Amino acid sequence: VRGLCGTYNWDQQDEFTTPAGDVETSVTAFANQYRASGECPVLGPGALQPCDAFTGRREVAEAACAVLHGPAFQ
């Protein structure tokens, strides 16, 4: 298993492995490797605050991320 959720092998040293097999050192550089298309904006080096940028989507995002705390990922 490899992707935006990490490698799921309990080794934190390779959690930011890109599709090309490289290991990024920053969250934004890692996320930029998984952009779905050229139309997606490149993330800058600053801290990500997605809930501030998309306030109307916070509840939807929290519900979707709740799955990660469910039994499938325990």
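Two rings of Phe, Tyr or Trp count as a pair if their centres lie within 6.5 Å, and for Trp the six-membered ring is used. By that rule F16, F30 and Y34 make up one aromatic cluster in this structure. The model is a predicted one. The cluster is a useful place to return to once the outline of the chain is clear.

The chain has 74 residues. Its secondary structure consists of three helices and zero strands, so that reading along the sequence gives the pattern α-α-α. Helix α1 covers residues 27-33, and helix α3 covers residues 58-65. Of the residues in the chain, 14% count as buried. The accessible surface comes to about 6,000 Å², and carbon and sulfur atoms supply 57% of that area. Contacts across the sequence can be described in a similar way: among those between residues at least 6 apart, 13% join residues at least 24 apart.

Back to the aromatic rings. A search of the whole structure finds two aromatic pairs. One of them is formed by F16 and F30, which are stacked, with 4.9 Å from centre to centre and 25° between the planes. This pair links distant parts of the chain, since F16 sits in the segment before α1 and F30 in helix α1, 14 residues apart. The angle of 25° between the planes counts as stacked because planes under 30 degrees apart are placed in that class. The two partners do not have the same class of accessibility: F16 is partly exposed, at a relative accessible area of 26%, while F30 is buried, at 4%. The cut-off behind these words is that buried means under 20% relative accessible area.

The segment before α1 also holds G3. Which residues does G3 touch, leaving out those up to four places away in sequence? They are F30 and Y34, and both of these belong to the aromatic cluster. G3 counts as buried because its relative accessibility is 11%. Another link between G3 and helix α1 can be given as a distance: the C-alpha atoms of G3 and A31 are 9.7 Å apart in space, although 28 residues separate the two in sequence.

Helix α1 contains T28 as well. T28 is buried, with a relative accessibility of 11%. Its C-alpha atom is 8.6 Å from that of V42, a residue 14 places apart from T28 along the chain.

Two further buried residues lie in the segment before α1, namely D14 and T17. The relative accessible area of D14 is 19%, and that of T17 is 8%. Both values fall under the 20% limit, and therefore both residues are classed as buried. How far is the backbone oxygen of D14 from a polar atom of the side chain of T17? The separation is 2.6 Å. D14 is also in contact with T7 and N9, when its neighbours within four places in sequence are set aside.

C5 is another residue of the segment before α1. Is C5 buried or exposed? C5 is exposed, with a relative accessible area of 61%, and a value over 50% is what puts a residue in that class. Apart from neighbours within four places in sequence, C5 is in contact with E15 and L68. The contact with L68 spans much of the sequence: C5 and L68 are 63 residues apart along the chain, and their C-alpha atoms are separated by 9.4 Å.

L68 leads on to the surface. Together with Y8, W10, V67 and F73, L68 forms a nonpolar patch there. The accessible area of these residues together is about 600 Å². F73, one of the members, is located in the segment after α3. F73 is partly exposed, with a relative accessible area of 40%. That value lets F73 belong to the patch, because residues in patches must have over 30% relative accessible area.

Key. Residues are numbered from 1 along each chain as its sequence is written. This is a predicted model: local features need pLDDT of at least 70, side-chain atom pairs count only at pLDDT 80 or more; totals for chains, interfaces and linings use all residues. Side-chain values use heavy atoms; hydrogens and water are left out. Patches are made of residues with over 30% relative accessible area and no salt bridge: like charges are joined within 9 Å, nonpolar side chains (Val, Leu, Ile, Met, Phe, Trp, Tyr) within 5 Å. Accessible areas come from the Shrake-Rupley method with a 1.4 Å probe; for residues, only the protein chains shown count as cover. A salt bridge is a side-chain nitrogen of Lys or Arg within 4 Å of a carboxyl oxygen of Asp or Glu. Helices (H or I, at least four residues) and strands (E, at least two) are DSSP runs, numbered from the N terminus. Buried means under 20% relative accessible area, exposed over 50%, partly exposed in between (1.4 Å probe, protein chains only). Contact means heavy atoms within 4.5 Å. A polar contact is a pair of N or O atoms within 3.5 Å; within protein, one must be able to donate a hydrogen and the other to accept it, and residues adjacent in sequence count only if both atoms are side-chain atoms. Rings of Phe, Tyr and Trp (its six-membered ring) pair if their centres lie within 6.5 Å; planes under 30 degrees apart count as stacked, over 60 as edge-to-face and the rest as tilted.
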